[in-house]
Amino acid sequence: MKSLALILISIFCVTAFANENGGVAFSVGAGMGKAAIENPDQTKAHYKVLALQGRGHLPLFDTRNFDADFFGSVKYLDLENTSNTKFQSEVANLIGPGAGLELRAFKFVLGGEYNMMLARHYAVGNTSRDMKYEMNLVNVYGGLNFKFNQLSVSLSYSQSTGTVPKASSGLAKSSPYNDQIYWLQLTYSTGASFSRFLQFLF
Amino acid sequence: MNTRKHSTAKIAGIAAAIYFALVTLIACNNPKGEFFYGTLGLGDKKILVATANPGAFTVVMYDLLGHLVDVVADYTFTGDVPRGIAPYDSFNFMIMLDGVDRLQKVSLKGLPTTDYSDPGLSGALFQLAYDGINQRYYGIEGNFIEGFSKAGLRLGNPIINTTVGACVLNTPRGMFATNDARLLVVGTGNDRLNVYNVSTTTPTCVSTNTSMGANDPMAIIQHSDGKLYYVDQVLDRVSSLPSNGVGTPAVVYATDVTVINNPTALMEMPDGTLLVASDTTNSIERITTAGLRVGSTSFIRDAFSGLVSQMILIGGE
């Protein structure tokens, strides 16, 4: 906990004095892709994924061609099993906060993120029940970023991994989760450093 | 400046086109698979009940509270009678069907079934037992016991004949494979408990108990307390024997024929209580090994609980 506080304080100190080329930024993103959870017998449940995400970026290092941001995020994933029939279907919703680091060089963007997701799975049909659990997701992504003045558009690909705990699923072992999502992200840069942004707010 | 903006827009446009092509590709290329077993609750133990009730030849799944979960197999239309069921793994079970005589592997998740038939498997079929140590199935067929590998291959011809040493099969109806490689078989023709050693490919007779009285023993299990429990259809009782199956039975439940009447199947619950399928009352009753009924009503009494041929626990491992 102390180390986390130190990291956050360090980030805020750095961001407070980062120059104002792009500054504090906010982004929203939507994505589509696929996810899978592995059952104990190695079979897999496959899902179509619709994803939404909102982020607040604090610049750590900010130049014309190279940026490094710390960001906080909220991510929502909607999963629909690809084997759904009219007799049995399964959907899941995952939502949770996260934090990460993003690097941009010229038009390339690269990042890593850690999310704490609250998940709910629903089975409807011959078997109807629900299941709740918490899952930590580690997410890496990369893509292209195009700037249009204060607005920029990112097209990126992300991969996340996590584990559905056996204590929640009741299964003999924990179940590995992974997803691959293609994102379209719009970012608005305020142009203000973190300290100026705080002055503007308060 | 304008040229640079146009160039950026052009690159963005190309990237967007590639991006949406990839998204479309993914949307069309997402494979089908299973459901997540955790969501379906397959991590919890379930009770499977096979019924030979004309008009409802089914295998029905209940939770440990006796609530109906699903009809996992229905043979009413084909007229195949489910006579015996045994576990295959946490998510599949093996069933012995009388009609087009065969073994069938059935998935709890609705996957296609797999049939295992053999010209040697014919005649009147009854309960099925699984020896997890040697990974073999044993099924009652007439006055024989048929053996099968886990892959569904018939073993022996048959694996246990009518007479093996002192053990004699006469109208066998109930069977149980113990966790120490013994096969317990009770029958209504000679009212015996035959105990076989099935640790080798040619089973031998360990003992035969002829002191059960002419009471038509129908089903038998080895309990986690070490004793053997069986039900009979003449006096409608539940009785116990020492773990070696030798000696005079002790009566466990002979209390009320409005509760247990014409019992057909027996199973131990995870908490050690016994489930007894009572045909005349079309119910499944729950009693303790001390002979006390659990609750004041039937554990299960519904459209599927008549003429139960076998009950097993599955999953949650």
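Strands are taken here as DSSP runs of at least two residues, numbered from the N terminus, and on this basis the hairpin of β10(B) and β11(B) in the predicted model has four residues between its strands, with Gly152(B) taking a positive phi near 90°. The two strands of this hairpin run antiparallel and are joined by three bridges, β11 of chain B covering residues 154-160, and within the pairing Phe148(B) stands opposite Arg154(B).

Strand β10 of chain B (residues 144-149) also pairs with β9 of chain B (residues 136-141), in the antiparallel sense and over six bridges. In this pairing Arg136(B) is placed opposite Ser149(B), while the hairpin that links β9(B) to β10(B) has two residues between the strands and includes Gly142(B), for which a positive phi near 55° is found.

In chain A, eight strands close into a barrel with antiparallel pairing, in the order β1-β2-β3-β4-β5-β6-β7-β8, and the twist from one strand to the next averages 20°. Within this barrel, β4 (residues 88-105) and β5 (residues 108-125) of chain A are joined by 16 bridges and run antiparallel, with Ala105(A) standing opposite Phe108(A) of β5(A).

Between the chains, 35 residues of chain A are in contact with 29 residues of chain B. The elements of chain A that give two or more residues to the side touching chain B are β1 (25-38), β2 (44-62), β4, β5, β6 (129-148), β7 (151-164) and β8 (175-189). Classified by residue type, this side of chain A has 15 nonpolar, 14 polar and six charged residues.

How values were computed:
Residues numbered from 1 in each chain as written. Chains lettered and ligands numbered in written order. Predicted model: local features only at pLDDT ≥ 70, side-chain atom pairs only at ≥ 80, totals over all residues. Pairing = 2+ DSSP bridges. Axes fitted to C-alpha atoms, helices over the stretch in contact; angles between N-to-C directions. Contact = placed C-beta atoms within 7 Å. Nonpolar A, V, L, I, M, F, W, Y, C, P; charged D, E, K, R; others polar.
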